[in-house]
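User: I would like to learn how to read domains and a chain-to-chain contact in a model. Can we take them in order?

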Amino acid sequence: MKRIDPTQTPIQSEDIQPSAMLNMSRRRMLKLVAGGAATLWGQEQLFAQTMNRLAQRKLPAGSSSVRAPADPTLLAVLNRATFGFSQSAYDEAAVMGADNYLEWQLAPELIDDSAADARLAVYDTLTMTSQEILNTYNMMNNVPIFQLMESVVVRAVYSRRQLKERMVEFWTDHFNIDILDNPVPFLKTADDRDVIRQHALGTFPDLLNASARSAAMLWYLDNYANVAGNAQENYARELMELHTLGVTGPYTQQDVQEVARCFTGWTFQNTPNYGQFIYWGPNHDNGVKTVLGQVIPPGGGESDGQTVLDMLAAHPSTAKFIANKMCVYFLGYDPPEDIVESVKQTYLDTNGDIKSMLRVILRAPVAEYLATPKFKRPLHYSASLLRSTEAEIANPLQVVFYLMVMGHGPFLWPRPDGYPDTIEDWGSSLLPRWQFASALFDGAIPDVTADAAALIAAQNPTPGQEAVAINEILTGGTLSLAEETELQQFIDSGSPTTDWFGLAASVPGFQHY
Amino acid sequence: MPKIMSDDLCCNEFKKWSKRQLLEEARPKARKDAKKPAWLPRVVLADSFATRDALVVVFLRGGMDSLTTVVPYGDANLYTLRPNIAVQPPGSPDGAVDLDGFFGLPPAMAPLLPAYQANQLAFVHAAGSPDPTRSHFDAFKFMEYGNPLQPATLFSGWLARHLQTVPPLGATPLRAMAIDDLLPKMLADAPDALPITDPSTFDFPGNPGTAALRQAVLENTYALAGAPLAGSAQSTVDTINLLGTIDFDNYIPAGGAVYPNSTFGRAMKSVAAIIKAQTGLEVATVDLGGWDTHNNQGVIGGYMANLMNDLSSTLAAFHTDMQANMNELTLLAMTEFGRRADENVSLGTDHGHGSCMFAMGGNIAGGQVLANWTNNELLHPDLLYQNDSLDVTIDYRDIVSEVLQNRVNNTDLGTVFPNYTPAFQGITV
């Protein structure tokens with residue numbers, strides 16, 4: 001399994017830039033963008049209200065066939081910031097413009113998301129504490145698991161807070177917890193809500209601190225069993241290797257052991273508040289420790305662990321590791337080194353402010369990442385198809401089923417490194433995608449419907465232009481000309497409308513973003 | 001110290017919360033597709049299985065109780081440890097069927113006797129993974145990645161590394177197949193490996209009337225997509241076409257073999273059909289779960305008897321069906337750990353350590369129970385592993401390595417099982 005290696009430098013754009021000056025100017029520009037946005041839009045709330053009003057404005061009515069071609073820059077930003085193109089999302093963004101759309105997405109709490117919330121209201125466990133879940137559903141019940149999995153589908157497809165949902169996906173993998181690792185089914189809901197979702201657009205140190213105290217994580221990485229005299233290193237190792245410094249970070253096995261000692265006694269309650277973090281002093285190793293060369297004096301108690309978290313969160317290796325991973329997630333498998341550097345610097349300048357880093361990443365010059373599109377992972381793939389075709393998901397469990405078949409069931413990755421994000425990993429399993437796309441338009445997925453005939457009728461393409469219209473509907477027009485031509489030939493062969501979309505969603509162009 | 005969970009609670013959850021279980025509960029009702037052409041085995045490969053066995057790996061998930069499946073009735077300690085649930089010695093009511101004067105099969109495993117007597121089935125007892133973990137998931141990981149007692153830094157499967165270190169048997173799109181929704185860890189990172197839940201429905205989806213045209217569009221567009229998608233799409237299409245030539249529904253097993261109509265029975269029947277079709281498939285993996293028998297184990301006429309019936313009847317049918325192919329095939333069955341030697345108050349058994357493996361094939365040294373187990377020693381209280389379980393005296397890597405080297409021509413065992421020097425046990429002839 002390929003891990004992200006922050007020391008492995010991709011081809012640097014600096015190396016291929018014609019002049020150092022150009023490089024400098026872009027670097028400065030990135031810096032300006034990073035720092036400037038907060039000044040420009042200081043009054044977040046006022047801004048968001050304005051954007052919400054703008055979003056309600058409709059573009060001029062008229063035949064879609066005369067619609068202006070999508071703006072590539074805007075489309076690229078939309079494809080990065082969301083689980084896929086949809087005409088309505090594009091129209092919203094087009095009214096605002098790319099930068100304003102980004103700022104709107106960066107203030108998710110101010111975006112009206114009542115439609116998605118209404119769909120989520122049926123999942124009673126989402127608002128429960130772990131103790132309440134335990135009281136309501138006994139230990140043999142899988143309702144909490146399915147509710148949480150379904151909520152992922154609902155949010156990816158229907159939430160208007162798309163950038164937040166993308167970051168939730170990112171952090172869910174970064175702080176991966178296998179929901180089948182009993183008793184995680186009763187703890188992950190709280191972790192998802194109070195750790196991942198709560199801090200998805202906050203700061204990395206806050207997120208890290210919350211994760212370190214999450215019962216699901218304390219269980220999954222065995223810190224609940226980490227006690228003085230019998231230190232459990234699992235969390236300590238993954239904390240440095242996967243959560244902060246990265247596997248090539250400047251730590252040793254000795255550091256792992258010392259960090260483990262710092263976290264002795266960090267565990268969670270059984271009763272009366274199941275899953276509540278507690279520091280259990282009697283199990284803490286109060287001796288002197290040395291972590292990354294820094295002496296942590298004896299008698300620190302609970303503060304030992306916090307000292308470690310603070311050190312790690314502030315470490316330049318962490319800044320680089322997080323910056324690179326976010327760039328890979330949003331921009332491409334080999335993100336330009338100067339952008340990664342700029343994001344790293346932003347991390348260090350802002351104490352790990354995630355929104356500030358996102359501004360740098362999502363305002364990066366589009367040409368940098370359009371050249372190397374990314375392969376959609378199954379959640380992204382299915383959500384993008386359901387979004388663009390305005391599918392009605394009456395039973396999200398049916399989509400969860402296909403995600404499991406595609407190997408991407410929410411919260412089911414067993415290892416602490418999270419679902420991989422490479423085309424090598426996902427590209428070998430194409431048939432389940434083709435089957436999903438086909439089944440959707442054949443009406444073969446119970447309680448999930450997409451109306452091919454209505455979609456094409458709304459575009460009203462002239463004969464011979466159906467493939468162009470379908471390309472517009474599914475992607476805003478990013479399928480290749482060769483794909484469009486092949487598709488049109490298939491359409492011209494007299495095939496039924498229901499077959500058109502399933503095929504279009506199966507070609508390679510739709511697998512990428 | 002707030003201790004959160006007992007091991008026993010964990011296991012009920014395990015049964016409830018396997019990925020397979022979730023998938024089954026979420027699965028929509030299946031639709032049956034159009035009828036296939038009549039059964040016609042194909043012979044497409046010049047390089048055949050005459051030189052290299054097809055390898056079938058059956059994983060018995062949940063921790064199989066080997067003290068029931070292959071009863072060491074000759075060790076009198078068994079009846080002290082398990083006064084209520086031990087299978088009785090041969091000659092007793094519901095007693096074991098004798099194998100060698102020390103071990104026997106419970107009645108529900110008796111269907112395997114003909115294969116054993118034909119010297120094509122061996123049991124390996126007090127065997128398994130040496131890792132002390134009693135967590136199902138950790139045990140799976142260590143066993144399937146092939147790194148017990150080592151740092152958890154290996155994330156590819158031992159079967160995958162086997163496939164990486166031997167040349168393909170031919171130009172096949174499908175070197176390995178897991179009868180599963182996802183690849184098991186054994187096959188993580190394997191070349192040309194696909195998870196196929198049901199080979200009879202690995203079909204090109206949608207409207208049959210336009211399938212050929214749509215398949216052509218995908219082949220044309222993916223051909224332009226570059227690596228790795230171009231190759232992957234081609235493999236998928238080729239595998240669809242390959243499996244499409246096999247009429248699984250009308251497959252008639254040889255020798256009058258009758259597979260149970262169970263998930264496991266159907267899976268093994270599919271594997272038989274594919275191997276006979278000589279498609280170049282080198283490895284198939286099949287799971288049979290449900291061995292986590294904490295309560296009311298039911299070794300005679302109960303829960304576990306039913307499970308053993310499924311296992312033994314299926315393997316017996318496979319043995320009969322594959323008689324003509326026995327010299328080109330090896331089957332290994334294993335489990336993540338055995339169960340405690342003593343019964344619990346619920347007339348079940350809890351997680352233990354050593355267990356039992358099965359090996360079947362024309363070149364397996366069958367008709368014996370391989371074990372370092374003489375007289376009464378292994379179940380003697382002084383010799384129990386951690387005072388409560390059968391020990392692992394034969395590492396599963398010894399058995400697997402010998403099969404890989406002698407039956408599948410793998411000469412790079414150091415890659416398959418890093419940092420381990422296998423000791424061959426004579427499982428192959």
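Analyst: Start with the domains, bearing in mind that this model is predicted. Chain A is split into domain 1, residues 221–312, and domain 2, residues 378–511.

User: What separates the centres of domain 1 and domain 2 of chain A?

Analyst: Taken over C-alpha atoms, the two centres lie 45 Å apart.

User: Next, the interface. How many residues of each chain are in contact?

Analyst: In general, interface size is often quoted as the accessible area lost when the parts come together. Here the description is by residues in contact: 56 from chain A and 41 from chain B.

User: Which helices of chain B each supply at least two residues of the side that touches chain A?

Analyst: They are H1 (7–16), H2 (19–26), H8 and H9 (229–244) of chain B. H8(B) gives the largest share, 7 residues. By class, that side of chain B has 25 nonpolar, 8 polar and 8 charged residues.

User: How do the axes of H27 of chain A and H8 of chain B cross?

Analyst: Helix H27 of chain A (residues 481–492) and helix H8 of chain B (residues 211–223) have axes that come within 10 Å and cross at roughly 170°. Angles over 145 degrees count as roughly antiparallel, and H27(A) and H8(B) are therefore roughly antiparallel to each other.

User: Which residues meet in this pair?

Analyst: From H27(A) come Ala482(A), Glu483(A), Glu486(A), Leu487(A) and Phe490(A). They meet Leu213(B), Arg214(B), Val217(B), Asn220(B) and Thr221(B) of H8(B). This helix contact has 5 nonpolar, 2 polar and 3 charged residues.

Definitions and conventions: Residues numbered from 1 in each chain as written. Chains lettered and ligands numbered in written order. Predicted model: local features only at pLDDT ≥ 70, side-chain atom pairs only at ≥ 80, totals over all residues. Domains from an automatic or database assignment. Axes fitted to C-alpha atoms, helices over the stretch in contact; angles between N-to-C directions. Helix = DSSP H or I, 4+ residues; strand = E, 2+ residues; numbered from the N terminus. Parallel < 35°, antiparallel > 145°, perpendicular 65-115°, else oblique. Contact = placed C-beta atoms within 7 Å. Nonpolar A, V, L, I, M, F, W, Y, C, P; charged D, E, K, R; others polar.
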